[in-house]
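Trainee: I should like to take a close look at a single part of this protein. May I put a request to you once the model is before us?

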Amino acid sequence: MEASGGSREEKEEEKEETDPPPTPTPRIPGSAAMGDAAQEEGLLQAAAYVYDAQYNRNIPFETSPKAVRLYYLYNHWSMQAATYFFIFVDLALALFEEPAVYLLPFLATSLVEVLCLLVFFGRLVHFAQVTPRSVFWKDTKNICIMISILVTLIDLIVYGALRISAIRGIRWSRPLRPIFLINFAESRQIRRAFRSIRNTLPEITYVFLLFMFSVLMFSLMALKLFGDRNLKTVEGSPYFTNYLEIVFNMYVLVTTANSPDVMMPAYDFSWWYCLFFIVYVIINTYIFMSVFLAVVYNNYRKHLKNEIRKLAYMKRRKMIEAFNLLKVKEGAEFVVKEDQWKHLVKLVAPDISTSHRELLLRISDEEQKGCVDKKSFVRLADLLNIQVITIKLHSHPLDIWFPHVYNSTPSLCIRSMVRHKGFVWMYDVIILINAVFIALDEKNPYISYAEWVFLCLYIVEILLKLYTYEPRNFFARNQFWNWFDTSIIIAALIATVLNTALRSVTIYNSQQVLDIVFILRVLRLIRIIDSIQRFRVIMNTLINIMPTMLTFGGLVLVVYYIFSIVGMEIFQGKVKFFAGNTTTPHALYCGNPALKDSTFARAKYCKNNFNNIASSFIVLMELTVVNQWHVIASGFALVTHQAAKLYFITFHIVIVIMIINIFIAFILEAFFVEYSLEKSEVESAIEKKIQELGVGIQEDELLNGKLLDNMETSENDLGGEEGTTKKKLKGLMFKIASKRYRTVDALLQRMFEAEIPPEEEGPSLDEILNLSPNDAYPKNPVFDNAA
C-alpha cells in the first residue's frame, strides 16, 4: 500500500504520467484587461493548476503570488535542462576519475563535482521556496538529496586528504550519484519504475525462495549422483564434487548459458543421466521463469492501474481547484467567463494559435453563452492534451509561376501517377531489387554501375514528389519519412561521388568512406516499413511506448552505474588487455597468472574487464545478454575469490529476473491497450466540432497524398478562413493527430477516467493518496478488466 512509504508529496507527485514539457513563462496581460491585482494572481494560480493537471504533475506549492511565480520558474524548461545537464555531468565524472577512460587531475574533477553539488543544493533551495515547509521536510526525496550532498562533500575531503598523504583511498560516495537522477522532481518516471520493482518484490520473494529451494535440492541430488564417480570436466577438473560449485553451475543452467556443456560428463558416462538435467530444465527454466514473468506482470499491472486511478482523481481535483478560483455565479450555476477562459488558455498554452483557442472555446461553450460551465471546464486539461494539428494549405510555387504548364494535361498525368498507390508499390519493388544488388559482390563492375542506376531512380522519385506536392508541406516537420528519404539519398549521392572520385587516385585506401556508403545503402531498406499496414501498426505501438522505454533505459543506467562503480573497486586491474600484436607472454593469461589455462583466457576475454567505467558497462551488457556470463563470472572469481560470483548472481537477479520481466510486462500491457481503445470522448468532441465548422481534413485524404500536414503556430483567425475551399488547396484546416502520438500511460488513464461520472469529484485528497489496489473507486469498476 503506497501510504506506508514516503511523504505526502512523494505519494502525490511521483505518480505522474510523463515528464511535462517546459512550463511557459507566464505572460499576464495588462491590468486594464485583467481587472485588479487579486484577479490577476488568481488567474496565474489557476493556470498553474491547469498546467499541472494537463501533465499529471502534483507538486504541492504555496499559493502566495511570490510562490506561484517561483513555481513557474522552477518548472521552466531552462531550469529543468540545467538540472539534467549537471546530473549527467556528475555521472560522467566517472569517465575521468581513476580508473579513468581519460584521466584528469583530481583537483579538476573535484571542482566540477563541487559545482554540481552547488547546483543541486540551489535547486533544492528553490524547491523549498515553492513547497510548504511541512511538506518539504517530510519528503524523503529531499532528505536523500541533502544527505547525498553532505556525504559526497565529506568523501571528497577525506579522499583529498588521503591523496595528499600518499595513501590510497576509495571514493565510496560515487555509487550515490544516481540518487540525484532518481530523486529530483523531474525524474518522476524513473521513480515510478523503482516503485514497480518495490511493489513487486514481496510476491517475487516467495517465488524466488521456492525457486532457490529447487536449485539447492537438485544440486544436492547432483552431488550424490555424480560426486563419487570420478568424472572429469573438459578442462580436466573434478566434476560435481564441490557443493557450492554445483549450486553455481545449476543456477547458470537455468539461464541455459552452460548448456549442454555442464551435462556432457554425466551424459557421456550414462545416457540415463540426461533425464536428470532435462527434468531440472523443465522445472526451473521453463516453469519457474514463466511463473516469475506471470507474478511480475500481475503485480505490475495491478499497481500501475492503482497509480493511474490516483492520477485521474488528482487531475480532476486540480481542475476543480482552478475552476473555484475563477468561477462567478451566473443564474443558478457557477461558470467561468469567456474572457477569463481565454486568458487562462493563453497562459497555459501560449504557443497554440488563436484559431486553435477559438476551436477549443467552441467545444467548451457549445451553446455560445459567453461562459464555460464546470463540466466543460474540468475537461480543459484533456482538450489541451489532444494534439490538434493546424494545417495551412499552400499553392505549389509552379502553379503560381507557370500555371498553364503546371495545370496542363501531361503535368496532371504526372501528378496523378505520383499520387497513385502504384507509384509507392513500384518503388518498394525497386528497393527490394536494390537490396539484392547490395548483397552481391561490390567488386563486380556491373554491380557498381547498377548502384548508380538505383541512385538516379531515387533522385527522380524525390524530384517527382517535389513537383507534385507543395515543398513546404512535403518538408513539414512532422513528415518524418520525407525527411528520412531525402537525407539518405543526398548523403548516399555525396558519399558515392566521393568514393568514385577517390578510387581514381591510386593511393586511395579509405575504408571509412566505403563503410558510410554501405550503411547508407542498407538504410534505404527502412523505407519499406512505412509502406506495409501491419508494419505501421507495430511501429506506432513502438513509438507510443518509446517514452517509457526511455524510462526503463534510465532505470538500467542507474543499476549499471552502481554495479560498474562497485565492480571497478573490486576488480580494477585484476584483468588486463594486450593488443593483438603484442609478444609478451602475459597476454596469454590476461596479465594475471591465476587465469592461466582458464576458459576465460582461452576465450580471449581479456578486454572484458572493470578497468574503467566504459569497459564495465560493456561487461554488464554482456551479462545482461546472459550467454557465457558464467565464464566471465568464473574468471573474475579466479583472480579474486569465489565469493565474487555473488556479485554476478546479484546482477543477474536484479536486471534479468526483475527489471527485464517488468519491461516485458509493460510491453504486453502496451500492446493490449493499443489494440483495445478507440477515440476518447474528448477526441470525438473535437472532431465533431471541426466537421461542424467545415474546417476538417479526413485521415484518408492525408494518407492518399491529397493533402499534407504543415504545423502552423502563428496567430490566425478561425472565422476568417471558413470561406476557403479545399479545391484550391488553400486555407486553414484542422485534424486530430494520429494514434502514434498517444502514450500508453495516457491511454490507461483515459480508460479509467471514462468510468468516473462527469459530476463526481472523487474521494478526498487523503483518500486518493491512500488508495490501494484493492479499493474500489468508482463503485463497481470495470477498469481492471478493460485491457
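Which residues of α5 are buried? Please take me through this helix with care, and then place it within the chain.

Mentor: The model is a predicted one, and I shall begin with the helix itself. Helix α5 comprises residues 77–92. Its 16 residues, at 1.5 Å a residue, should span 22 Å, and the C-alpha atoms at its ends are 22 Å apart, so the expected and computed spans agree.

The buried residues of α5 are Gln80, Thr83, Phe86, Ile87, Asp90 and Leu91. Because they cover an arc of only 140° around the axis, these residues lie on the same side of α5. The face turned away from that buried side carries Trp77 and Phe85, both of which are exposed.

Let us now step back along the sequence. Between α3 (37–54) and α4 (65–74) runs a loop, and Arg57 is found in it. Arg57 has a relative accessible area of 1%; since buried means under 20%, this residue counts as buried. Its side chain has a polar partner: the side chains of Arg57 and Asn75 make a polar contact at 3.3 Å.

The wider setting comes next. The chain contains 35 helices and five strands, and 49% of its 787 residues count as buried. Among contacts with a separation of 6 or more, 77% join residues 24 or more positions apart.

The largest nonpolar core has 143 residues, and Phe226, Met250, Phe277, Leu344, Phe377, Trp629 and Phe648 touch the most other members. Helix α13 (residues 274–326) gives the most to this core, with 19 residues. Leaving aside residues up to four places away in sequence, Phe377 touches several residues, including Val50, Met319, Phe323, Trp341 and Leu344. Apart from this core lies another, of twelve residues, among them Phe423, Ile430, Phe454 and Ile462.

Finally, one must consider confidence. The average pLDDT of the chain is 78, and 75% of the residues score at least 70. Confidence is highest in helix α6 (residues 106–130), with a mean of 95, and lowest in helix α33 (residues 699–703), with a mean of 38. The pLDDT is below 50 over residues 694–731, a stretch that has 99 contacts in the model beyond near neighbours in sequence. Over residues 738–742 the pLDDT is also below 50, and this stretch has 17 such contacts.

Terms used
Residues numbered from 1 in each chain as written. Predicted model: local features only at pLDDT ≥ 70, side-chain atom pairs only at ≥ 80, totals over all residues. Heavy atoms only, no water. Helix = DSSP H or I, 4+ residues; strand = E, 2+ residues; numbered from the N terminus. Buried < 20%, exposed > 50% of the residue type's maximum accessible area, 1.4 Å probe, protein only. Polar contact = N/O pair within 3.5 Å; in protein donor to acceptor, adjacent residues only side chain to side chain. pLDDT = per-residue confidence, 0-100. Contact = heavy atoms within 4.5 Å. Core = buried A, V, L, I, M, F, W, Y, C linked by side-chain atoms within 4.5 Å. Expected span 1.5 Å × (residues − 1). Arc of directions from axis to C-beta.
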